[in-house]
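Here's a quick look at some backbone oddities and one helix pair. Have the structure open while you read.

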Amino acid sequence: MSGFNSTVRRALILSGGGGRGAYQVGVWRRLQELGWQPDMVCGTSIGSLNGALIGSGWDADRLETAWHTMNDRDIFSISWMRRLKYHLSELLGRSTEWPGYLDNGPLRQLLNETIELASLRNDQPTVAVAATNIRRAKLEYFSGQQLTIDHILASCSIPVLFPWVDIGGEYYWDGGIMANTPILPALNAGAVEIIVVLLAPLAGAEMQLPHSTASALSWALDLATVAPAQSLVRTLALHTGRDAREHESALVDHHYIDMGDIRFGVVAPESMSGIQTMLDLDTENIKRRISEGYRDAQTQLAGFMDDQRVI
């Protein structure tokens, strides 16, 4: 990963969650109203797409318009011919690249049309995206001049659903596999004010036990997007070298902790959305998620914003 902007003080962390990413638009609107401008944006999966657009200078109005006009055809297509060729090659004993169930070519085209690489690479703010190197079982972050459309596409490529992305002979899938809350680049860059936007509850809402194979799969994948307060606080503790267990309950109760040299706020939905929302781009649901993100940012960031300091 390339060197970070040495003036990073404020960082915005955007987690993954597919179609739930509209929630982050509402949070971004509230942050703009409050005048809170990040020096760095770190994203994984849909968070990398939102982060890249914010890093390209998009305000909340432009980002919201993009989400309202987005539909399934802008993100993926079902390529039966690719699947047929793959299975025929298997039957004939020929080696061929596994294609994934959906073609993310439309998303690549959308990214090429909307992302301004020159703006994205100018470190105002710095943008870092996470992707998983499949062959090396390794999480990697990309930023600065090395950042390309392929890196953002890779970060958004949900395993099995989408094909992996070949970048310089290495193969990448969704960064959310190994880090759905990519906070480490911000800590390593020296950020002292960090806001994390999750797309699942912070501590996890009480749920019924799964009653079928489909609900069990949904349950398991939903849990993978939850960011427990314990793990977030422990990441901070490891970075600062201090015992931070006392802050876990404060983060859950107030969505905000002050560790002296680092202030940390979290915005998160109050309940699970269900795995079906990962590819849900229904107009009304997008509108609702944006509103929920704005509302939650208003209430959950109150303590964080009330304790502003000069940094």
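What follows covers a few loop residues and then a helix packing.

## The loop between H7 and E3

Keep in mind that this is a predicted model. The loop between helix H7 (117-120) and strand E3 (126-133) holds proline 125, and the peptide bond leading into that proline from glutamine 124 is cis, with omega near 0°.

Aspartate 123 sits in the loop between H7 and E3 too. Its phi is positive, about 60°, even though aspartate 123 isn't a glycine. Is aspartate 123 buried or exposed? Neither, really: aspartate 123 has a relative accessible area of 24%, so it counts as partly exposed.

## The loop between E3 and E4

Moving along, alanine 137 is found between E3 and strand E4 (138-143), in the loop. Here's another positive phi in a residue other than glycine: alanine 137 has a value near 50°. Alanine 137 counts as exposed because its relative accessibility is 58%, and the cut-off for exposed is over 50%.

## H3 against H13

Two packed helices are described by the angle between their axes and the distance between the axes. For helix H3 (residues 60-69) and helix H13 (residues 283-300), the axes come within 9 Å and cross at roughly 150°. Angles over 145 degrees count as roughly antiparallel, so that's the label for H3 and H13. The crossing of H3 past H13 is right-handed.

Which residues meet here? From H3 come Glu64, Trp67 and His68, and they meet Ile286, Lys287 and Ile290 of H13. By type, the contact of H3 with H13 has three nonpolar residues, two charged and one polar.

Note on methods:
Residues are numbered from 1 along each chain as its sequence is written. This is a predicted model: local features need pLDDT of at least 70, side-chain atom pairs count only at pLDDT 80 or more; totals for chains, interfaces and linings use all residues. Side-chain values use heavy atoms; hydrogens and water are left out. Helices (H or I, at least four residues) and strands (E, at least two) are DSSP runs, numbered from the N terminus. Buried means under 20% relative accessible area, exposed over 50%, partly exposed in between (1.4 Å probe, protein chains only). Axes are lines fitted to C-alpha atoms, for helices over the stretch in contact, and angles run from 0 to 180 degrees between N-to-C directions. Angles under 35 degrees count as roughly parallel, over 145 as roughly antiparallel, 65 to 115 as roughly perpendicular and the rest as oblique. A crossing is left-handed if the near helix is turned anticlockwise from the far one by less than a right angle, and right-handed if clockwise. Contact means heavy atoms within 4.5 Å. Ala, Val, Leu, Ile, Met, Phe, Trp, Tyr, Cys and Pro count as nonpolar, Asp, Glu, Lys and Arg as charged, and the others, Gly among them, as polar.
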